[in-house]
Amino acid sequence: MAFAFKQVSFSHSNGKEALKNINISASAGESIAIIGSSGSGKTSLLNLIATSLRPSIGSISLLGIDPWAISKGQLRRLRSQIGLVHQAAPIPPRQRVITAVLAGRLGQWPLWKSLLSLIYPIDIAGPQLCLQKLDLADRLFDRCDRLSGGQLQRVGVARVLYQKPYLLLADEPVSAMDPVLSDLTIQRLLEDARSRDACFVASLHAVDIALRWFPRIIGLKDGEVFFDLPASEVNESLLQQLYASERGVLPKQGSVNT
Ligand SMILES: Nc1ncnc2c1ncn2[C@@H]1O[C@H](COP(=O)(O)OP(=O)(O)OP(=O)(O)O)[C@@H](O)[C@H]1O
């Protein structure tokens with residue numbers, strides 16, 4: 001089992017309950033898209049899998065391990081097997097692209113190697129290959145603040161491809177990309193996960209991309225699992241209900257991006 005949530009609820013420090021009674025699990029090699037309105041809990045869910053957040057209630061198992069019942073050293077090792085593509089890549093602006101990609105393995109390397117990689121690129125071919133897959137190899141030595149939003153997002157994706165985690169998570173990984181690059185990037189992430197039997201979970205606002213590429217779709221609504229279905233069973237009526245606002249105002253027919 002790649003991950004399992006048992007009766008998990010999560011509240012932010014201000015008391016806002018972002019997730020309620022979540023019971024989901026995924027096997028190695030599975031690819032899942034999380035969809036739902038803004039504020040439905042997608043980022044909170046991914047951050048719980050990434051161990052950036054701890055459940056308020058319930059339990060989580062990641063790669064067969066309870067992350068909150070192990071030592072700090074064991075948690076560090078577990079985290080090195082979990083890769084998260086953030087909504088906005090947390091990359092220092094003056095950093096070179098190659099250094100930003102190398103950072104994917106910081107958690108797997110000894111301290112001396114990690115520190116050295118921040119000063120001197122200790123591997124060039126590895127990051128170059130990851131960037132090549134995303135059509136960005138020509139920017140290897142550029143500074144990150146010279147890149148467009150979509151290019152920077154691809155650096156974040158290249159970093160996780162370089163990391164090769166068993167749990168590959170992505171929070172809106174293609175939100176700043178054009179349709180062609182969005183498809184290419186999602187395809188690359190899926191190929192990478194499948195080739196290593198890793199579990200891939202991505203949150204997406206673009207429902208058409210979710211349905212086109214992912215075999216399993218989880219719809220979150222107001223912090224709860226509204227549906228958890230094969231993509232072939234997700235229809236327009238379910239999507240209308242998923243995205244209906246609390247005041248009952250439905251998006252017009254066909255306005256959901258399928
Ligand atoms: N740091 C925080 N402190 C307090 N409340 C938060 C915090 N982060 C998120 N929330 C709240 O938790 C709920 C879930 O937020 P979350 O970011 O998980 O949603 P989301 O589905 O990822 O949204 P989006 O699609 O807009 O990124 C929302 O009501 C949000 O306002």
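Here are four short exercises on the structure above, each with a worked solution.

This is a predicted model, in which local features need pLDDT of at least 70 and side-chain atom pairs count only at pLDDT 80 or more, while totals for chains, interfaces and linings use all residues. Residues are numbered from 1 along each chain as its sequence is written.

**Exercise 1.** Find out whether Asp197 is buried or exposed.

*Solution.* Start with the rule: a residue is buried if 20 or more other C-beta atoms lie within 10 Å of its own, exposed if 12 or fewer, and partly exposed in between, with C-beta atoms placed from the backbone. Now count: Asp197 has 12 other C-beta atoms within 10 Å, so Asp197 is exposed. To place Asp197, look in the loop between α7 (179-195) and β8 (199-203); helices (H or I, at least four residues) and strands (E, at least two) are DSSP runs, numbered from the N terminus.

**Exercise 2.** Do the same for Thr185, and list its contacts.

*Solution.* First, go to helix α7, where Thr185 is found. Next, count again: Thr185 has 24 C-beta neighbours inside 10 Å, so Thr185 is buried. Finally, two residues are in contact if their C-beta atoms, placed from the backbone, lie within 7 Å. Leaving aside neighbours within four places in sequence, Thr185 is in contact with Leu134, Arg154, Val157, Pro173, Val174 and Met177.

**Exercise 3.** Describe how α6 and α7 pack.

*Solution.* Two packed helices are described by the angle between their axes and the distance between the axes. Axes are lines fitted to C-alpha atoms, for helices over the stretch in contact, and angles run from 0 to 180 degrees between N-to-C directions. Helix α6 (residues 149-163) meets α7 at an angle of about 5°, and their axes are 11 Å apart. Angles under 35 degrees count as roughly parallel, over 145 as roughly antiparallel, 65 to 115 as roughly perpendicular and the rest as oblique. The two helices, α6 and α7, are therefore roughly parallel to each other. As a last step, name the residues: Gly150, Arg154, Val157 and Leu161 in α6 meet Leu181, Thr185, Leu189 and Asp192 in α7.

**Exercise 4.** Say which residues have the most contacts inside the largest nonpolar core.

*Solution.* A nonpolar core is a set of buried Ala, Val, Leu, Ile, Met, Phe, Trp, Tyr and Cys residues joined through C-beta atoms within 7 Å. The largest has 69 residues, and those with the most contacts inside it are Ile49, Val101, Ala158, Leu167, Leu168, Leu169 and Cys199. Helix α6 supplies the largest share of this core, 7 residues.
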